[in-house]
Every structure is written in C-alpha cells, then in structure tokens.
Number of protein chains: 2
Amino acid sequence: MSHSLGVRQAQKQKTRQAFLDAALGLLAEQSLSSLGLREVTRAVGVAPTAFYRHFHSTADLGVALVEEALGSLHPMISGTVSTADDSDERIDRAVALIARHVRAYPAHIRFIARERNGGVQKVRAAIAEQMDRFADEVRAELAKQPESDGWSDDDLLMLAGLYVDQMLMTASAFLEADPDDPHEEERVTRVARRRMRLISIGRRNWLG
Amino acid sequence: MSHSLGVRQAQKQKTRQAFLDAALGLLAEQSLSSLGLREVTRAVGVAPTAFYRHFHSTADLGVALVEEALGSLHPMISGTVSTADDSDERIDRAVALIARHVRAYPAHIRFIARERNGGVQKVRAAIAEQMDRFADEVRAELAKQPESDGWSDDDLLMLAGLYVDQMLMTASAFLEADPDDPHEEERVTRVARRRMRLISIGRRNWLG
DNA sequence: CCATGCAGTAAACAACTGTTCTCCGTGGGG
DNA sequence: CCCCACGGAGAACAGTTGTTTACTGCATGG
C-alpha cells in the first residue's frame, strides 16, 4: 500500500486539505459568503493564484467543506439513531454522543449549522441533500425497530427528519454553551434529553 | 396627534427605515457578515457617510433588523400558540398561519433563520434573546391550558422551546419551497402538520 | 532519460472597501 | 428671528478584493 498515490498528487491533496482546514478556522467567526479567496490563501501561506488549482470559487470550497463536515457527522448520527429507541438511558447516551462529537469537531458542526441557511445557494443545496440522505438512513434504521410496526414510510421519514433536525439543533446548542461552563453545558444536556424523550413518547403513541 | 414628530426627526426615521429595507433586500442572497456599508448606502441612494448618522456598523444594522423582523414574527407565534392544543384542525390552522406569514414577510424570516447561527456574534445574541423571550411567552400561554396540569415550569419551557424552534424551521422550509410550486408547498405543509401532531401527542402522554 | 503536464509563484489590473475630514442647507429651539 | 445642531454630500485615504497573464521548477509517464 505504499505507491497508492504519487508524491505529486499526495502533495496536492495535502495542500487542498490545508485550504479546507484554514477555511474552517476562518469560518469560526464569519460566514462563507464573506470569506475571501485571498484571506484563505494568506492563512495557508500560499499565493492567491494557487487557490484556482483546487477550487473554482469560495462557494466551491464551501461545497467541499460540506462533504468533509457531514462525513464526520455521519457516524454520530448512525450511532445516535441505533440507540434511538424509547429507553431513557439510551437517550442519555445519544445526547452524550452528540456532546462528545461537538467537542471533537466544533468547527464542522458550526459550519453546517451556519451555512444550512446561509447566503450561498449551492452550499445550502449541498447541505440539504446530505441531510435528506441522513434522514433517509435514519428512516431505514427506524423501520427495523419493532416500535415502527404499522408505520407508513412517509410517517417514518417525518419522524427521522424530526430526529435529525433535533440532533443538529442540540449540537448547535452545545456549541453556543461551550465556554467551559460545565453548568451551562449540563443545562443544554437536560433540555436535549427531555426533547428527545418527548418525541419518543409521541412516537410510541402515534398510532391509534 | 399631528406634532408628534418634527419634520426633521420624521425624515431621519424615514431614511433609517430605508436603510433597513435596503439591507433586508440585499440579505436575500448573502449573509450579514458580508454586507458592506457602501453596498447599503448605494441601494438606498445616499452617500456612504450618511450611514454613520444611523448606525455604528453593519453589525448594529443587523441588531436593528432583529428587532424589526422578530417584531413582525411576534403576532405569528402568539397566534400559533393560542391554537396549539391537541386538536388536528387547530394544528392545521397554525401551520397555515405560518405559511401565510412567510409569504407576507419572507425577507424577515429568511434573515432570522440565516443569522440565528450566522457569523456576527452580537446579532446571534440578539436573536437568541428574543427567541428566549418568545419561548417564555409560549410557556406562559401553555401554562393556562388544562393539558398542562401537573407540568413543571421547566418542562413547559422545554416544550415551548421545542414549539418555537419547530415554527422557525417550518417557516424556513416554506421559504426554500417558495418557487410557486404549490405541490412542494403542500408537501412542506403536510410534514409540518405531522411533526406538530407528534409533538402534541408526546405532550399529551408526557406525564405518567 | 527526456519532454511535458501541472502545482505553485509573481506582478499587475481595475474595482471595491471602511473611515476621516470638510463642507452645506435647513428645521427648530431660544 | 436668528443661530446652531444635525442629516447628508463630496472627496480623498490606504487597503483589500478577484482575476489575468506570464513564468518556474519538478515529478512522472512513455
């Protein structure tokens, strides 16, 4: 597995990753629509023109960031939904999983939450597509559970979307609370748990 | 009630409103953090320096926009929650109310949804504060209903927040669907109704 | 082993940005 | 009635922006 990538292509991908990382850092305190091409190249330590070797525009960079950020979000959602039955301790575990992920990749979820309704149409579309895919996967996972007997696929998709949206909102809430105030973080945790629990109760009593 | 405002102050507020309107228009396809001062003054048809007579910065303009946009959102939320008991036809009415409001003030809700997680800290804080206020009003309204017997204030606030967030997400969904495709809009309506209904079912079975 | 494709450089471009200073016209309080 | 406070205009400022053109060095495939 040594010659899997030439020295050349490896260096290119390395630079590309540097662009993504630098952009993600800069996007901590601004939105994509205000992110300048030169700003990014300056942060990477590279000439402005080098940018074009990797992306057409900052909007394109944004789309690439969506892939990366939601790729890292994928295991979290899978993990959350696989434990998404009714029992309280499993809900607690799911919320803890979200909190852990936020602390591991804060820039990723900040980017997604920010640009989901952001000013760049292509990025919004890319996020929406990925979120729809996630919702569909969650629906498939929910369908396996015995609690879903008698549910229509449409209703399951509705529930899955509600779960996914709730996860992202919870993650965003953890983000705002971050400034090492464990009290504040505990508050977010408690609210998130109860929201999840209420939704689960709604699920359990949906039929009939 | 004629001399309530001098000609001078009236003209000033008129110009100020022109700034707000122009900014709201420009923010249809970009985020606040990329909104330039000169861009706004150009849209208003006024000298760049005139901007400083009304706002310190574009971030200040954003805070002012929060007041205006959430001021217009207030009656919608009140109207929605006053009908937010369990019956299906009331839920339908609430969703219709949201749809109507989105069609009446699309720029307002687009701004709120976009900047709620946007790149300008002061604006995010202003929105969060107003949303918290809304949630608290909804909590007070819910507390009056007989379904809330036995509920703690904390749980009621949790439910209220869930409702408020759901309203904004529904409004945002209507916004994305807008391109005069009534089929798409109907789909959003149906999903929103069922989400609301599931939450209401969860509410009804929360205790015990 | 050499020719070439390609990542990255350097300089220049016109256009745009936020901010400051100076000025003007006039509505309104004394 | 008149003086002045104030909304707004205009010009100028140093920086920054995205994009183009021409260039360099080197890894790599034939």
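## Protein surface around DNA strand D

Of the 19 residues that surround DNA strand D, the nearest are A:V7, A:R38, A:R42, B:T15 and B:R53. Sugar and phosphate make up 42% of the atoms of DNA strand D that come within 4 Å of the protein. The model described here is predicted. By class, the residues near DNA strand D comprise six nonpolar, six polar and seven charged. At least two residues of this surface come from each of α1 and α2 (37-44) of chain A and α1 of chain B.

Individual polar contacts with DNA strand D involve both base and phosphate atoms. An N or O atom in the side chain of A:R38 is 2.5 Å from a base nitrogen of DNA strand D. A:R42 places a polar side-chain atom 2.4 Å from a phosphate oxygen of this strand. For A:R8, a backbone N or O atom lies 2.9 Å from a phosphate oxygen of DNA strand D.

## Protein surface around DNA strand C

DNA strand C is surrounded by 19 residues, the closest being A:R8, A:T15, A:R53, B:V7 and B:R38. Of the atoms of DNA strand C that come within 4 Å of the protein, 42% belong to sugar and phosphate. The surface near DNA strand C consists of six nonpolar, six polar and seven charged residues.

On chain B, an N or O atom in the side chain of B:R38 is 2.4 Å from a base nitrogen of DNA strand C, and a polar side-chain atom of B:R42 lies 2.6 Å from a phosphate oxygen of the strand. On chain A, the side chain of A:H54 has an N or O atom 2.6 Å from a phosphate oxygen of DNA strand C. The elements that give two or more residues to the surface near this strand are α1 (7-26) of chain A and, from chain B, α1 (7-26) and α2 (37-44).

## Annotated DNA-binding region

An unreviewed UniProt entry annotates residues 36-55 of chain A as "DNA-binding region". Over residues 36-55, chain A is 40% helix and 0% strand. The C-alpha atoms at the two ends of residues 36-55 are 13 Å apart.

## Environment of A:H101

A:H101 is located in helix α4 (residues 88-104) of chain A. Its relative accessible area is 9%, and A:H101 is therefore buried, given that burial requires a value under 20%. Leaving aside residues up to four places away in sequence, A:H101 touches A:S72, A:L73, A:M76 and A:I109.

Technical notes:
Residues numbered from 1 in each chain as written. Chains lettered and ligands numbered in written order. Predicted model: local features only at pLDDT ≥ 70, side-chain atom pairs only at ≥ 80, totals over all residues. Heavy atoms only, no water. UniProt positions renumbered as here; feature names shortened; annotations may be inferred. Helix = DSSP H or I, 4+ residues; strand = E, 2+ residues; numbered from the N terminus. Near = heavy atom within 4 Å. Polar contact = N/O pair within 3.5 Å; in protein donor to acceptor, adjacent residues only side chain to side chain. Nonpolar A, V, L, I, M, F, W, Y, C, P; charged D, E, K, R; others polar. Buried < 20%, exposed > 50% of the residue type's maximum accessible area, 1.4 Å probe, protein only. Contact = heavy atoms within 4.5 Å.
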